Amino acid sequence: MFTRLRSDIQCILERDPAARTRWEVLTCYPGLHALVLHRRAHWCWTHGFKWLGRFISHLSRWFTGIEIHPGAKIASCVFIDHGMGVVIGETAEIGPGCTIYHGVTLGGTSLYKGAKRHPTLGRNVIVGAGAQVLGGFMVGDGAKVGSNAVVTKPVPAGATAVGNPARIIAADSDARREEAASKMGFSAYGVTQNDDPLSQALRGLIDNAGAQEHQIALLWQAIEKLAATPQVHDCVPGDAARQENFEADKLNALIGK
């Protein structure tokens, strides 16, 4: 028990620059308190003391502002930062090394008892403040969920989900984490240097509209030249686009159709 507590404290010291001492973490971090109480509640739940497990969970919510169902499975070295308003459902599973910020909901969309209703987070997943992860699917290892994202579909390992409804930004092969966050070993709040896929799609549409305006102007120039000098054989401007290059499939992929 004390070994696990020490590892929990150490992971907070490594990931939170505001944490100064082990004593401060032990006495002043509600996320740590909620996890310690959850382990007692989870033990009661799995050993048949259902009411007692729910009661410990209720007390934990009252003291910490973090609601964790006693049936949820939480691995070691999980960091719930700030924590106020976090809700973790009964069938949720959280892998080792995950970081969860305030206002996060790991909720369910199914009303069937006994079904897998809540998400499973792999190893080292980051869920930004206010994010809602809803459903019994998998968020892959090393994935990030941006602040205020609403995720209702699986997130591949190493990818980032942003927006409402969430859209997937694939991990870069060369740099999966921002250089500014490299010293801490993770990216706080699920921040990414990549653009939102929807904004990329809109920019593509804007660029395409501008290119079309240019091509229309070139066509009118060619028509005007033909009207003035009919004997001219080649009046097509050199930069005129003779083939279509509008990438509709790529834009649809960015916004998830």
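Leaving aside neighbours within four places in sequence, threonine 105 is in contact with Val87, Ala131, Gln132, Val133 and Leu134. The model in which these contacts occur is a predicted one. Threonine 105 belongs to strand β7, which covers residues 105-107. With a relative accessible area of 18%, threonine 105 is buried, because the cut-off for that class is under 20%. One of its contact partners is also a polar partner: the side chains of threonine 105 and glutamine 132 are joined by a polar contact of 2.9 Å.

**The chain as a whole**

The protein has 257 residues, of which 39% count as buried. Its secondary structure consists of 6 helices and 15 strands. Taking contacts between residues at least 6 apart in sequence, 40% of them join residues at least 24 apart. The exposed surface comes to about 14900 Å², and carbon and sulfur atoms supply 58% of that area.

**Helix α1**

Helix α1 is made up of 14 residues, 2-15. Its end C-alpha atoms lie 20 Å apart, in agreement with the 20 Å that 1.5 Å a residue should give. Buried in α1 are Asp8, Ile9, Cys11, Ile12 and Arg15. These residues cover an arc of only 160 degrees around the axis, so they sit on the same side of α1. Phe2, Thr3, Arg6 and Glu14 are exposed on the other side of the helix. The cover over the buried residues of α1 includes two helices, α2 and α3 (30-46), as well as the strands β3 (79-80) and β6 (99-100).

**Helices α2 and α3**

Helix α2 spans residues 22-28 and contains threonine 27. The side chain of threonine 27 reaches back to the backbone oxygen of tryptophan 23, at 2.7 Å. Threonine 27 has 36% relative accessibility and so counts as partly exposed. Cysteine 28 has a relative accessibility of 52% and counts as exposed.

Helix α3 has 17 residues. From its first C-alpha to its last it reaches 24 Å, close to the 24 Å expected at 1.5 Å a residue. Its buried residues are Gly31, Leu32, Ala34, Leu35, His38, Arg39, Ala41, Cys44 and Trp45. What covers them includes the helices α1, α2 and α4 (50-64), together with the strands β1 (67-68), β2 and β3. Helix α1 is thus part of the cover of α3, and α3 is part of the cover of α1. Glycine 48 follows α3 and has a positive phi, near 90 degrees.

**Cysteines**

The structure holds 0 disulfides. Cysteine 11 is accordingly in none, and the nearest cysteine sulfur to its own, that of cysteine 77, is 5.0 Å away. A disulfide would need the two sulfur atoms within 2.5 Å. Cysteine 11, one of the buried residues of α1, has a relative accessibility of 4%. Cysteine 77 stands in the loop between β2 (73-74) and β3. At 24% relative accessibility, cysteine 77 counts as partly exposed.

**Backbone features in loops**

Cysteine 77 also has an unusual feature to note in its backbone: its phi is positive, about 60 degrees, although the residue is not a glycine. Asparagine 148 is another residue other than glycine with a positive phi, in this case near 65 degrees. Its place is in the loop between β12 (144-145) and β13 (150-151). Asparagine 148 is exposed, with a relative accessible area of 55%.

A cis peptide bond joins asparagine 164 and proline 165, with omega about -5 degrees. Proline 165 lies in the loop between β14 (160-162) and β15 (167-169).

**Accessibility of single residues**

The table sets out the relative accessibility of residues discussed above.

| Residue | Relative accessibility | Class |
|---|---|---|
| Cysteine 11 | 4% | buried |
| Threonine 105 | 18% | buried |
| Cysteine 77 | 24% | partly exposed |
| Threonine 27 | 36% | partly exposed |
| Cysteine 28 | 52% | exposed |
| Asparagine 148 | 55% | exposed |

Methods
Residues are numbered from 1 along each chain as its sequence is written. This is a predicted model: local features need pLDDT of at least 70, side-chain atom pairs count only at pLDDT 80 or more; totals for chains, interfaces and linings use all residues. Side-chain values use heavy atoms; hydrogens and water are left out. Helices (H or I, at least four residues) and strands (E, at least two) are DSSP runs, numbered from the N terminus. Buried means under 20% relative accessible area, exposed over 50%, partly exposed in between (1.4 Å probe, protein chains only). A polar contact is a pair of N or O atoms within 3.5 Å; within protein, one must be able to donate a hydrogen and the other to accept it, and residues adjacent in sequence count only if both atoms are side-chain atoms. Contact means heavy atoms within 4.5 Å. Accessible areas come from the Shrake-Rupley method with a 1.4 Å probe; for residues, only the protein chains shown count as cover. The expected span of a helix is 1.5 Å times one less than its number of residues. The arc is that of the directions from the helix axis to the C-beta atoms.
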